[in-house]
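This report concerns strand pairing and side-chain orientation in one protein structure. The sequence and structure are shown first.

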Amino acid sequence: MPEPTKKEENEVPAPAPPPEQWSIGESPVTEEQDKQNANSQLSTLFIEKPQSGEVKVGETITFIAKVKAEDLLRKPTIKWFKGKWMDLASKAGKHLQLKETFERHSRVYTFEMQIIQAKENYAGNYRCEVTYKDKFDSCSFDLEVHGKSAFFPSFICFSFVNDSGEGQDDAGELDFSGLLKRREVKQQEEQPEVDVWELLKNAKPSEYEKIAFQYGITDLRGMLRRLKRMRRVEKKSRAFARILDPAYQVDKGGRVRFVVELADPKLEVKWYKNGQEIRPTTKYIFEHKGCERIMFINNCTLADDAEYYVTAGDEKCSTELFVREPPVLVTKQLEDTHTYCGERVELECEVSEDDAHVKWFKDGEEIYLGPKSRYRVKVDGKKHILIIEGATKADIAEYSVMTTGGQSSAKLHVGLKPLKVLTPLTDQTVNLGQEICLKCEISENITGKWTKNGLPVQESDRLKIIHKGRIHKLVIANSLVEDEGDYVFSPEAYPITLPAKVHVVDPPRINLDGLDADNTVIVVAGSKLRLEIPISGEPPPKAIWSRADKAIMEGSGRIRAESYPDSSTLVIDIAEREDSGVYNIHLKNEAGEANASIKIKVVDIPDPPVAPSVKEVGDDWCIMNWDPPLYDGGSPILGYFIERKKKQSSRWMRLNFDLCKETTFEPKKMIEGVAYEVRIFAVNAVGMSKPSMPSRPFVPLAVTSAPTLLAVDCVTDNSVTMKWRPPDQIGAAGLDGYVLEYCYEGSDNWLTANKELIDKTKFTITDLPTDAKIYVRVKAINAAGASEPKYYSQPILVRQIIEPPKIRIPRHLKQTYIRRVGEAINLVIPFQGKPKPELVWKKDGVEIDKNQINIRNSETDTIIFIRKAERSHSGKYELHVKVEKLIETATIDIQVVDRPGPPQLVKIEDVWGENVALTWLPPRDDGNATITGYTIQKADKKSMEWFTVIEHYHRTSATITELVIGNEYYFRVFAENMCGLSEDATMTKESAMIAKDGKVYKNPVYDDFDFTEAPMFTQPLVNTYAVAGYNATLNCSVRGNPKPKITWMKNKVTIVDDPRYRMFSNQGVCTLEIRKPSPYDGGTYSCRAVNDLGAVEMDCKLEVKVIYQGVNTPGQPVFLEGQQQ
């Protein structure tokens, strides 16, 4: 096997030319085979690969690739190439668009490459590569672009293209080749093989274009880049003693050998093809000879045409392999052929290779072999046959076949066969509007021409020319008068004509297309009608109008007829209602007769409707209805307008601006209590009628809203007492009363409990069976009717409920109730209990005499009333509430107080200097209240005018000082309690003389009085009830010297710095205030007083109750003072 020819280093081969543009020694390369040979274990990512396609110049084509994304975590990377290395991503522009979409449901990525307005130089081999991590897949496909201009690939004219693409019209161009110049086809002479790169390397730059043109190099830019790299000085490699040659060339089917020499034989060497590592196979064989590393590639194919490189350590060297395909020769030439029109023609030749790619030409222009082409090519091994079905004169030409290594040509002659007329044309007479069909049949399948009156016939939507085999037809749909004439068919290329005459007959016709479906004409009363009916016919027909078998004559009457060549007109001046009816028109001519009936309808405004009636009224609305007018004016009623006015007013107001389609309406926004009238206008297509008569006056009145707060007041064994509140809205009609209704559970029959209207908001339903369950509702009644009922939410059981007695003592009565003599006592004590409890009042254990004390009892409380209290009314009052065997008892302390009596026996104990010592005894009558102090007065014996010396004095002995020496004084003392001073005072029997100067007064000697005292409560704590949310206080009074320290405790736990509590101490009165207590503040509270002489402690209980709408929790309802149940 000869050694392959080496190519220069850094050679950049031109992109693979398209199938239509061949250059000597080059052919398309299948990149898909390349990838499969490089790595047989690559995973397939494509589920749909782009397919090869064909397109005409200026048209658009789209290539689609789809990738399944089920096992992919992110979007794969896709690249589109033209040839081997041209990345089309940088060429996107007006001629190339790249798109990608993702369908979430099927998880499929769709990638599209769209070529817009294709040019001839866009043809060629394309490749699509998709990668995802370590997965790789690729597919190659071809694009053929068919143009109208002929070209021959042996001569290529180059042009330089601007690569920037920015702002230029050529952005998005897909090839670097220029336009092709048509030249005459010449047989190339065989020339010895020449190394083009050696020629370019040694040539001047000015000769580069000439050499490239001569040897078919189209990529001038790539050629210049390769020459530049060839002149570059290589750096010395540390890993390689000898690197690969820049390029290798081998014939298809041959064997190539790559050799590198390592500087260090221990280095590991790896071989790669297009970036994919090469593994040893029968195709790829590796050898080691010392420091040499050799790789053989057997049976080279076009898929092996690629870039190869070898790595050793961190360095690599690369090369390119070019696989040449041997030229295809024509071994059997085409032969000249003679045939007739319509016959099948086969032009046959043979080539040197099986299934070789050849091109067919007609008169130097390439033959298009698409699916719609008349030409077909059959390939059988080395045989190539061009088939022409149904040859014609247009197929006469010189046909040639071209391969990469030769060509052959032959001439085709097509003649005419003798023509026979099998079926001639026939004359036809048709009615206007019918179809005209002229048909003939000849012996040969050839085309022909149709003429009418010597002029060519043009096809249209109505006129069709049909040629099917040997049959020729001329079809005219909906024939017109203009279609009449002489028709001739002339077969193409034959001096024969087939004539026929067509005669069109037109009977009378009446055109009513301008009327509606039932031929009705509507005219407004009082206007003029001019009804023009188009007519046709040849000769022109005579028109006669009639109504009810009475002819309408032409003339000057109000109803008359007028005749014209193409129409007939009916005229009615000042139309009246009586003119409505059916009018007939009759046409007649020589071809026939025609009749038609037209209905004329005279319409007018409708009659006024009948006066409306008001059926129902509300607070500001009413519902009215009416009947349609007796005569609608000959046109359907479209609707109604409604007007309203106050009875005392003359001004009508329109209520609707849009027509009311119904015969009922609901006016709104009226004033309650004011009388109104309404009237109606009917409207049809002509206009609005006169107004109807006004309705009877009516006054808007509204029923009240439903009563509120319906509740059960009392239940016995045979009665139920209900109570409710008046309605929230009553209105101008007022409120006449209530109706209480009930029905038994399981029944829908509501019974009226009251025979007459109820004025009050409480009523008792009697005569009910025990243990029955009833539903109750109440309605408010006024002049407008009954309101919506108010239902009790649940059924009521008719049975007396035994409720244990419970006394609710008001808070202020839980302590001693104090009143002065003469004041009134009026105590209201609420209680509970069912059935009605028995009440017993006792005072100090004895039943109260009702002649002295008034007692009034009700179902929910008892009142004890004393108009003028006396001290004898003081005492403990007990209330006993009894329900059957259950008894509840409560005790109230009443204290009636009065002013005290005077003190007893006021004496002057001693007089010294300016001082007098007095003593006295407490009064016998303290007024039923504690003595709070004394008031001491003095009076000079001479004037006996009294002056107060001391007020609010607590002791029964006092010393009066700062008396005037030489005067004689009397003294008197008043007792004081909570009601005030006593009416009388006790005066000293003797007077006290204040001695003058010179009298020696000897102060008496007194023992010091011991004022120390252990703590003692003078007023104890009492058990207290409190209401949640209202402040509560606990009070007591304590005495002691030295002043005791006061400590408050709750449940034996000292209260310290708690913001809910406030503690006061004033003049021995100790107070604990509990701010807004809750049930959790209830318990045992203690007050402890401590000083040096001892300690004392007092307890009381506090109960806190919560009230919800008159019911406390826990327990039964509690009502505060002044609160209604």
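The following paragraphs describe a predicted model.

**Strand β28 and its partners**

Strand β28 spans residues 407–415, and its side chains alternate between two faces. On one face lie S408, A410, L412 and V414, which are buried. The other face carries Q407, S409, K411, H413 and G415, and these residues are not buried.

Two strands that pair with β28 are β21 and β27. Strand β21, residues 337–340, runs parallel to β28 and is joined to it by four bridges. Within this pairing, H338 is located opposite H413 of β28. Strand β27, residues 397–402, pairs with β28 in the antiparallel sense, with six bridges between them. Here S400 has S409 of β28 as its bridge partner. The connection from β27 to β28 is a hairpin of four residues. Both H413 and S409, which face β21 and β27 residues as described, belong to the face of β28 that is not buried.

**The sheet containing β49**

A separate description applies to an open sheet of three strands, ordered β50-β49-β52 and paired in the antiparallel sense. Its edge strands are β50 (653–654) and β52 (676–683), each of which pairs on one side only. Strand β49 covers residues 639–646 and forms two bridges with β50. In that pairing, E643 has R654 of β50 as its bridge partner.

The pairings for which a bridge count is available are collected below.

| Strand pair | Sense | Bridges |
|---|---|---|
| β21 and β28 | parallel | four bridges |
| β27 and β28 | antiparallel | six bridges |
| β49 and β50 | antiparallel | two bridges |

Conventions. Residues are numbered from 1 along each chain as its sequence is written. This is a predicted model: local features need pLDDT of at least 70, side-chain atom pairs count only at pLDDT 80 or more; totals for chains, interfaces and linings use all residues. Side-chain values use heavy atoms; hydrogens and water are left out. Buried means under 20% relative accessible area, exposed over 50%, partly exposed in between (1.4 Å probe, protein chains only). Two strands pair if DSSP finds at least two bridges between them.
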